Amino acid sequence: MATIYILWLRQLKRYSRSKSRMIGSLGQPLLFLLALGYGFGPIFEKAGQGNYVQFIAPGVIAMSILFTAVFSGIEIIWDRQFGFLKETLVAPVSRTAIMLGRTLGGATVALFQGCIIFVITIIAGFRPETWAAIPMAFVFMALIALLFTALGTAIACVLEDMQGFPIIMNFLVMPLFFLSGALFPLKDLPGPIAIITRLDPLSYGVDGLHGALTGTLQFSYPVDIAVLGIISMVLLAIGSWLFSRIQV
Amino acid sequence: MQDTIISASGVTKKFGDFTAVNDVSFEVQRGEILAFLGPNGAGKTTTIKMLTTLLKPTSGHVSLDGHDPAHEQSAARRTFGIVFQDPSLDDELTAMENMQLHAVLYSVPSDIRKTRIEELLRFVDLWDRKDSLVKEFSGGMKRRLEIARSLLHHPKVLFLDEPTIGLDPQTRNHLWDYVQKLNREEGITVFLTTHYMEEAEKVAGRIAIIDHGKIMTIGSSEELKKQTTTATLEEAFLALTGNAIREEGASSADTMRQHRAMWGRGGRR
């Protein structure tokens, strides 16, 4: 328990000391919100889908969490490269505890980053349907954060160095985002893309956020929570198994 | 009478086709200081990694205070402290935070944690800098902090993998004096590797010369000199390992360090 706490705290300290990282990771969601939100706004409205900023804001929040979470998980590679990983690997504590502490720390950071973006979307003109649904939105933000930090951690356990990082970005993280319903409604999509979006775990996170913040659900809360929860658990189990097998 | 704390028998470690450690056997007695001396790429670090649960031997058996590092990992990990060849601190934390993190990982009771951390940081002359981030430290300061950290949980065995690299002679002497004092007063067994002959000669009771993954010979510095009919340990070392300069491939860690140096902290994104 103390192990989990101290490694959780470490992730938070590292985050709070890295101002450039904090500000840097605001750029991309902000660009999507402003460029797409306002750029596509008129077309979206003409197509009878309502206000696009209203639609895209939950997706942008999910996006910021997704990116921060995967990065936090993948930070293990940096620790491996710069040596700190060895310090934790020779410590007489279970590797599962180490992995959990790091993952929870990374997820907390990602959740926090999501909250900052949430505030920014409100400044940019986004208005949640009802403020009472905010706690529900937090549940989904936390689940997205946990799932994708666990994913990043599991990936980092099998990568030796950052060489594979662009591949992860372009073939995993970007598709996860673009095919999640963050940018377009999942309703009435043609066959293949409808299937692909349903295989993307982020779709269920974005759906939950849409439900809480804009009142439109494609699936349902129980389905969304169950899918996110189960996949998180599976990824944590895989990550913890992979982490316990690391040799340096 | 003999009380073996570290033993290796027929230990081999292969990475693909490359044999890093080849059928190595040795024993270290409780309270002894043993030095592994060898050229680059001889297998020193790989041996230490197998003893400290970081690598599993391809074949053979190692034992650490009665525990098998390959299978009873937690028990083995409780027995030792280690200073790695390359840095293993968290740069983004302060010296104090690095120490505290270690204390928690090794469950050092909180009532003695504070006094012991202060004592060790004072010993390595870093008490004044305890709240500075490690990334602001020089190479020597980082090394000293790692040494202090490795002693925090009062291990039975201390592994020092080329601990004096990058240290000035003052700090080096200071370090070895302290290691010898710990060995004398607390009975800590020390397993060290080094490139510096005079260090091995001064500090270690016995010296093992290792090359191409094999132990060429093991004994006191006197015995090594007698065996090779040479006057100094350095000559004995060269007589046993030859004059050829060893090549060592750049590891991915080196490449990464270059990247980081080039891109600065922005590379972290």
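Just after helix α1 of chain B, Thr53(B) takes a positive phi of about 70 degrees. The structure is a predicted model, and this backbone angle is a computed value like the others below.

The helix that precedes Thr53(B) spans residues 44-51. Eight of its eight residues are buried, so α1(B) is largely enclosed by the rest of the structure. The buried residues include Lys44(B) and Lys49(B), along with Thr45(B), Thr46(B) and Thr47(B). Ile48(B), Met50(B) and Leu51(B) are buried as well.

Chain B as a whole has 269 residues, of which 41% count as buried. Its secondary structure comes to 10 helices and nine strands. Among contacts between residues at least 6 apart in sequence, 66% join residues at least 24 apart.

Another helix to look at is α4 of chain B, residues 110-123, which holds Glu118(B). Is Glu118(B) buried or exposed? Glu118(B) counts as partly exposed because it has 14 C-beta neighbours inside 10 Å; a residue needs 20 or more to be buried, and 12 or fewer to be exposed. From Glu118(B) to Thr12(B) the C-alpha distance is 41 Å, and the two are 106 residues apart in sequence.

Chain B also touches chain A: 29 residues of chain B are in contact with 29 residues of chain A. On the chain B side, helices α2 (73-79), α3 (95-105) and α10 (252-263) each supply at least two residues. By type, the residues on this side of chain B divide into 13 nonpolar, 10 charged and six polar.

Terms used. Residues numbered from 1 in each chain as written. Chains lettered and ligands numbered in written order. Predicted model: local features only at pLDDT ≥ 70, side-chain atom pairs only at ≥ 80, totals over all residues. Helix = DSSP H or I, 4+ residues; strand = E, 2+ residues; numbered from the N terminus. Contact = placed C-beta atoms within 7 Å. Nonpolar A, V, L, I, M, F, W, Y, C, P; charged D, E, K, R; others polar.
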